[in-house]
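Good morning, colleagues. I would like to take you through one protein model, beginning with a single residue and then widening the view.

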Amino acid sequence: MPPTLRTARLLLDAYSPDDEESFVALFQDTRVSRWMGDGPVAEAEDRALFGRIFSKVYAGNLFDVWAVRRGGLLVGHAEIKWTEEAGGHEIVYALGPEVWGSGLGTELAEALVGYGFEALGLTEVHATVAAQNQASLRLLGKIGFEHTRDIVEDDGTLTYLLTRRLPVCSR
C-alpha cells in the first residue's frame, strides 16, 4: 500500500473497493482518458484495471498508486513507477474535469515529484505527455520539467518524454 500524502488541498491515499464507481467514471470520461495510455477503453477494461490495483499492484507492492481526494471525494488518480519507456521513474496523474483550472494539477504533480526525490531517493523524475496535450505540457514546464526526447508511438502520434532533475545544492 502506498503511504498517505497530503498537499494543501489534496489527500493521496490507497484506493478502497468503494472507489470503483468513481475510478471508472474518471477513466470513462473521454476528456480524461484521451490522454491516458492508449486512450479510451471499454468500461469492462477500466473495471479490470481497478481490480488489478488490488490483486497485482498493492498485493505485490509493485509501485505506488493513489486515489486523489479533495473534500472526501475522489477527484483523480496518481502513480509513480519505473517504466522502460522513460528509463526511470515516471509520474502518472489524472484529474477530473470538474477540478481543472484550479491549480490542483500543479499541486498534485509537485507532490509526486517531491515523493520521488524525498521518499524514493530519485535524482530525476520523468513524465510522458502527448504532444497535443498542451495543458499538461504547460503545467509540467512551469514546475521545472524539460523536454528530453520525442517518442513516436505505433500509430505515428508524438509523445514527449519530459524530465525534472533534482537540483544540485551548492555549498
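**A walk through the model**

Let us begin at Trp-66, which is located in strand S3. Please bear in mind throughout that what you see is a predicted model. Is Trp-66 buried or exposed? Its relative accessible area is 0%, so Trp-66 is buried. A polar atom of the Trp-66 side chain lies 2.7 Å from the backbone oxygen of Pro-3. As for Ala-94, 28 residues away in sequence, its C-alpha is 11 Å from that of Trp-66.

We remain in strand S3, which covers residues 64-70, and turn to Arg-69. Here we have an arginine with a relative accessibility of 13%; the cut-off for buried is under 20%, and Arg-69 therefore counts as buried. Which side chain does Arg-69 meet in a polar contact of 2.7 Å? The partner is Asp-13. Beyond its neighbours within four places in sequence, Arg-69 is in contact with a number of residues, including Arg-9, Leu-11, Tyr-15, Asp-19 and Leu-74.

Leu-10 is also one of the contacts of Arg-69. Leu-10 sits in the loop between strand S1, residues 5-6, and strand S2, residues 11-13. With a relative accessibility of 4%, Leu-10 counts as buried. Along the chain, 59 residues separate Leu-10 from Arg-69, yet their C-alpha atoms are 5.7 Å apart. Leaving aside neighbours within four places, the contacts of Leu-10 include Val-68 and Arg-70, and among them are also Leu-104, Glu-107 and Leu-108.

Just ahead of strand S3, I would draw your attention to Asn-61, in the loop that follows helix H3, residues 43-60, and leads to S3. Most residues other than glycine have a negative phi. Asn-61 is not a glycine, yet its phi is positive, at about 50°. Asn-61 is exposed, since its relative accessible area is 57%.

Next, please look towards the end of the chain, at strand S8, residues 158-165, where we find Arg-164. At a relative accessible area of 17%, Arg-164 is buried. Its side chain makes a polar contact of 2.8 Å with the side chain of Glu-110. Outside its sequence neighbourhood of four places, Arg-164 is in contact with residues among which are Val-113, Phe-117, Thr-123, Val-125, Ile-143 and Phe-145. The C-alpha atoms of Arg-164 and Leu-140 lie 8.8 Å apart, with the two positions 24 residues apart in sequence numbering.

Let me now step back to the whole protein. How many helices and strands does the protein have? There are 5 helices and 8 strands, and their order from the N terminus is β-β-α-α-α-β-β-β-α-β-α-β-β. The radius of gyration is 16 Å, close to the 16 Å given by the globule rule for 171 residues, so the protein is as compact as a globular protein of that length. Its C-alpha trace spans about 50 × 40 × 35 Å along the principal axes.

Of the 171 residues, 46% count as buried. Taking contacts between residues at least 6 apart in sequence, 58% join residues at least 24 apart. The accessible surface amounts to about 9200 Å², and carbon and sulfur atoms account for 51% of it. Finally, on charge, the protein carries 16 positive and 25 negative side chains, with the centres of the two sets 6 Å apart.

Thank you for your attention.

Definitions and conventions: Residues numbered from 1 in each chain as written. Predicted model: local features only at pLDDT ≥ 70, side-chain atom pairs only at ≥ 80, totals over all residues. Heavy atoms only, no water. Helix = DSSP H or I, 4+ residues; strand = E, 2+ residues; numbered from the N terminus. Rg over C-alpha atoms; globule rule 2.2 N^0.38 Å. Buried < 20%, exposed > 50% of the residue type's maximum accessible area, 1.4 Å probe, protein only. Contact = heavy atoms within 4.5 Å. Areas by Shrake-Rupley, 256 points an atom, 1.4 Å probe, with all protein chains shown as cover. Lys, Arg positive; Asp, Glu negative; His and termini not counted. Charge placed at Lys NZ, Arg CZ, Asp CG, Glu CD. Polar contact = N/O pair within 3.5 Å; in protein donor to acceptor, adjacent residues only side chain to side chain.
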